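Q: I have a structure open and would like to go through a few of its features with you. Can we start with the rings?

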Amino acid sequence: MEDVPNHMVTGNTQLIHGVEARIPISYATAGIMYSDLRGSLQVGGLYLTDVLRVPSLKHNLLSESQLDLLGHRIVTKEGKKRIYSRDGNVLEAKLESGLY
C-alpha cells in the first residue's frame with residue numbers, strides 16, 4: 001500500500017519541519033498533481049502531522065477519519081464545524097460555498 005498522507009494543504013501554507021516530497025496525487029478527473037513538501041502544521045489549536053503541501057490544490061483537505069482516530073471530537077452544526085483536540089483546543093470552520 002502507498003504511503004498516504006493524513007492531510008493536504010494549498011501551496012501558500014507554511015509547514016513546520018517541511019522536507020521535500022514530490023508525491024503524485026491522482027484526482028477524479030484523471031489528472032495528477034504533485035506535492036512539494038511534507039511536514040506538520042499548527043492550525044488553530046491543533047497540531048497536525050503528516051501533511052502534504054500541494055501547490056495546485058485549491059482548498060485545504062483535512063481527514064476527519066484520521067482526526068477521529070487520533071481522539072479529536074468533531075461537531076458539525078448550524079453551518080459550523082468544530083474540531084476539539086484531546087487537550088481542549090478548538091479549531092472552527094464556517095460553511096462557505098458548500099465547504100468547511
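Q: How many aromatic pairs are there by the ring-centre rule?
A: The count comes to zero aromatic pairs, where rings of Phe, Tyr and Trp (its six-membered ring) would pair if their centres lay within 6.5 Å, as stacked with planes under 30 degrees apart, edge-to-face over 60 and tilted for the rest. This is a predicted model, in which local features need pLDDT of at least 70 and side-chain atom pairs count only at pLDDT 80 or more, while totals for chains, interfaces and linings use all residues. Residues are numbered from 1 along each chain as its sequence is written, and side-chain values use heavy atoms, with hydrogens and water left out.

Q: OK, and which charge lies over the face of Tyr84?
A: That is Arg73, at 4.2 Å from the ring centre of Tyr84, and Lys81 lies over the face of Tyr100, at 4.9 Å from the ring centre. A charge sits over a ring if NZ of Lys or CZ of Arg is within 6 Å of the ring centre and within 35 degrees of the ring normal.

Q: Switching topic: is Ser40 buried or exposed?
A: Ser40 counts as buried because its relative accessibility is 11%, and buried means under 20% relative accessible area, exposed over 50% and partly exposed in between (1.4 Å probe, protein chains only).

Q: Which residues is Ser40 in contact with, leaving aside its neighbours within four places in sequence?
A: Ser40 is then in contact (heavy atoms within 4.5 Å) with Leu15, Ile16, Tyr47, Leu48, Thr49 and Val51.
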